[in-house]
Number of protein chains: 2
Amino acid sequence: MSNKVRLVEVGPRDGLQNEPGSVPSAIKITLVERLADCGLCHIEAASFVSPKWVPQMADGHAILTGIRRQPGVIYSALTPNLKGLEAAIAAGVDEVAVFTAASESFCRRNINCSIDESLARFTPLLAKARQHRLKVRGYVSTALGCPYEGNIAPAAVARVAGALYRIGCMEISLGDTIGTGTPNQACAMLAAVRQEVPITQLAVHFHDTYGQALANIYAVLEQGIRIIDSSVAGLGGCPYAPGASGNVATEDVVYLLNGLGIDTGVDLGRLVDTGRWISQQLGRPNGSKTGRAWKNES
Amino acid sequence: MSNKVRLVEVGPRDGLQNEPGSVPSAIKITLVERLADCGLCHIEAASFVSPKWVPQMADGHAILTGIRRQPGVIYSALTPNLKGLEAAIAAGVDEVAVFTAASESFCRRNINCSIDESLARFTPLLAKARQHRLKVRGYVSTALGCPYEGNIAPAAVARVAGALYRIGCMEISLGDTIGTGTPNQACAMLAAVRQEVPITQLAVHFHDTYGQALANIYAVLEQGIRIIDSSVAGLGGCPYAPGASGNVATEDVVYLLNGLGIDTGVDLGRLVDTGRWISQQLGRPNGSKTGRAWKNES
């Protein structure tokens, strides 16, 4: 296994969106800035969804306009519709993302439409993004299992991923939303999807609910995946509540990749400090085992 | 990947030996019985070390003589010396284990002798065990890193594992005592060790301190390992204290193996219940992510 992996840090968005208490914009801004200082070069910093649905994410404009920007770092945002995209553009976003699912039931409950309807909604958004030369990322939820439908056929994931790619998404992130996947299943799903989308344009977005995320990541690295989504301190859901889903922790992923001799450009010591800091700010246990175990040299 | 893995459940011994409070023998007996009821067929139930050194383990005799035995289940014990072995035999043990390390510094601090001295000490013990037709397992600590020496050369692990095998240990368990290993390192170590010991006689004993255990297990499964040590609820050390080492949780390993279609004979639902029960008895958080997330069907 060789060379480089690009990490997409989703802590400030996917991580914080489920926090029960309102997180002040100043904390979010500091978090994004500290993550960039760690060497992370793609940070999903905000979400332009309706504040009625996700009040935690109402301050996307304040965050994108408030951060001190580092050259070479991509600050992206989730934009479910044209209105969200326009707001993100007004805030100076570098890249945007849309989301759908591989499971009809999940899609309907999560974004209140069928998968095909979700794809149709993205078409004008993608046209507008093209005008602004913005790259659009597509998320496919429930790629390894659905809370309502159980197992999801690899062909179903491939169909949605292929459709997103054909309508213009430059990168497709395959999400194990409920964290039930295991390595052979992840590889089987990937084998189907790569028939539709080049593997260089695929990312994995694994949750560690059942402790399987790093094993799954190791397995798909062997298959050639080189883009990995993760969340500092495992932000997202509560890692200690029964049944809650947590994103795989960026610290644990970087520790793994360092051990495999794969370059991420991330300073792990600084990242651990950042994970401990945000955990303390939120009053939650640190969801990263590396973050808990790491001993700073200094 | 195919067929069967034998799990060696070390929770009652390796797991409990570091518990700060004294655990009543009745709880330990119930734990061993419940683990056997889950389908685990090799349980390290006790330790016959000096009670001066490990007071938590002083009741080995009471445990081995107190448990309701299930046919086909091996109840083993750690026996660091001839005196320990004799006590274990008197208590009716099925199999015993000795331990040394791949690192001189760790060996000296842990058992107060050099590696070669530890091997010499085992010789009369192995002779006695042979008389009683008892299988002896050999543990090699610090196989992927040492808290005093840092990285450990694969050749050093191979030397100790080979020596244990040649003096009569039937199975060698390779321990990542401090949980710092990553998959390529685990595979490199294994590649060296299997030059000395047939892979069918090798087990892995990985700690999840940095969250890497399941990725490492997946990697060595690909190399042909089919014996895995684990601890229900991740017992061993405190999983949430900075720097503390925790055994990989049996529940998480079984979840992985089930996903890979590898048979363990273990009822995961019952195992999760057992992990929750012992965590509650000890007043510690459940160290298994599967144990925390699992929803019982009933």
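## A tour from strand S6 of chain B

Select strand S5 (residues 135–141) and strand S6 (residues 171–176) of chain B: the two pair in the parallel sense over four bridges. Pairing here requires that DSSP finds at least two bridges between two strands. Helices (H or I, at least four residues) and strands (E, at least two) are DSSP runs, numbered from the N terminus.

Before moving on, note that this is a predicted model, in which local features need pLDDT of at least 70, side-chain atom pairs count only at pLDDT 80 or more, and totals for chains, interfaces and linings use all residues. Residues are numbered from 1 along each chain as its sequence is written, chains are lettered from A and ligands numbered from 1 in the order in which they are written, and side-chain values use heavy atoms, with hydrogens and water left out.

**Stop 1: S6 and its neighbours, chain B**

Zoom in on B:Gly138. Its bridge partner in S6(B) is B:Ile172. Now add helix H7 (residues 154–166) of chain B. With S5(B) and S6(B), H7 makes a right-handed β-α-β unit. Right-handed means that, with the strands pointing away from the viewer, the path from the first strand over the helix to the second runs clockwise.

Next, show strand S7 (residues 202–206) of chain B. S6(B) and S7(B) run parallel, joined by five bridges. Look for B:Ser173, which stands opposite B:Ala203 in S7(B). To trace the link, follow the chain from S6(B) through helix H8 (residues 183–193) of chain B to S7(B); this β-α-β crossover is also right-handed.

Is S6(B) covered on one face or both? Both faces are covered. On one side, B:Glu171, B:Ser173 and B:Gly175 are buried. On the other, B:Ile172, B:Leu174 and B:Asp176 are buried. That makes six of six residues. Buried means under 20% relative accessible area, exposed over 50%, partly exposed in between (1.4 Å probe, protein chains only).

**Stop 2: the loop after H8, chain B**

Select B:Gln195, in the loop between H8 and S7 of chain B. B:Gln195 counts as exposed because its relative accessible area is 65%. Show its side chain. The side chain reaches the backbone oxygen of B:Ala191 at 3.4 Å. That is a polar contact: a pair of N or O atoms within 3.5 Å, where within protein one must be able to donate a hydrogen and the other to accept it, and residues adjacent in sequence count only if both atoms are side-chain atoms. Then pick B:Ala158. B:Ala158 and B:Gln195 are 37 residues apart in sequence, yet 7.6 Å apart in space, C-alpha to C-alpha.

**Stop 3: strands S2 and S3, chain B**

Move to strand S2 (residues 42–47) of chain B. Six of the six residues of S2(B) are buried, so the strand is largely enclosed by the rest of the structure. Five bridges join S2(B) to S3(B), and the two run parallel. At B:Ser47, look across to B:Leu78 in S3(B), which stands opposite. Helix H3 (residues 60–66) of chain B completes a right-handed β-α-β unit with S2(B) and S3(B).

Stay on S3(B), residues 74–78, and click B:Ser76. Its relative accessibility is 3%, so B:Ser76 counts as buried. What does B:Ser76 touch, not counting residues up to four places away in sequence? The contacts are B:His42, B:Ile43, B:Glu44, B:Ala45, B:Ala46, B:Val93 and B:Glu95. Contact means heavy atoms within 4.5 Å.

**Stop 4: the two copies**

Zoom out to both chains. A turn of 180° and a shift of 0.0 Å along the axis lay chain B on chain A with an RMSD of 0.0 Å. That is the relation of a two-fold axis. Copies are superposed by least squares on the C-alpha atoms of residues with pLDDT of at least 70 in both. Which residue of chain B comes closest to the rotation axis? Find B:Ala215, at 1.9 Å (C-alpha). Both copies use the same surface: 100% of the contact residues of chain B recur in chain A.

Switch to chain A and select H8 (residues 183–193). Its buried residues include A:Pro183, A:Cys187 and A:Leu190. The buried residues of H8(A) pack against H7, S6, S7 and H9 of chain A, together with H9 (213–222) and H10 (250–259) of chain B.

Now select H9(A). Nine of its 10 residues are buried, among them A:Asn216 and A:Tyr218. Just after H9(A), A:Gly224 takes a positive phi of about 110°.

**Last stop: A:Ser230**

A:Ser230 lies in strand S8 (residues 227–230) of chain A. At 0% relative accessibility, A:Ser230 counts as buried. Its contacts, leaving out residues up to four places away in sequence, include A:Val8, A:Val10, A:Val248 and A:Thr250.

Confidence: the model scores ipTM 0.93 and pTM 0.95.
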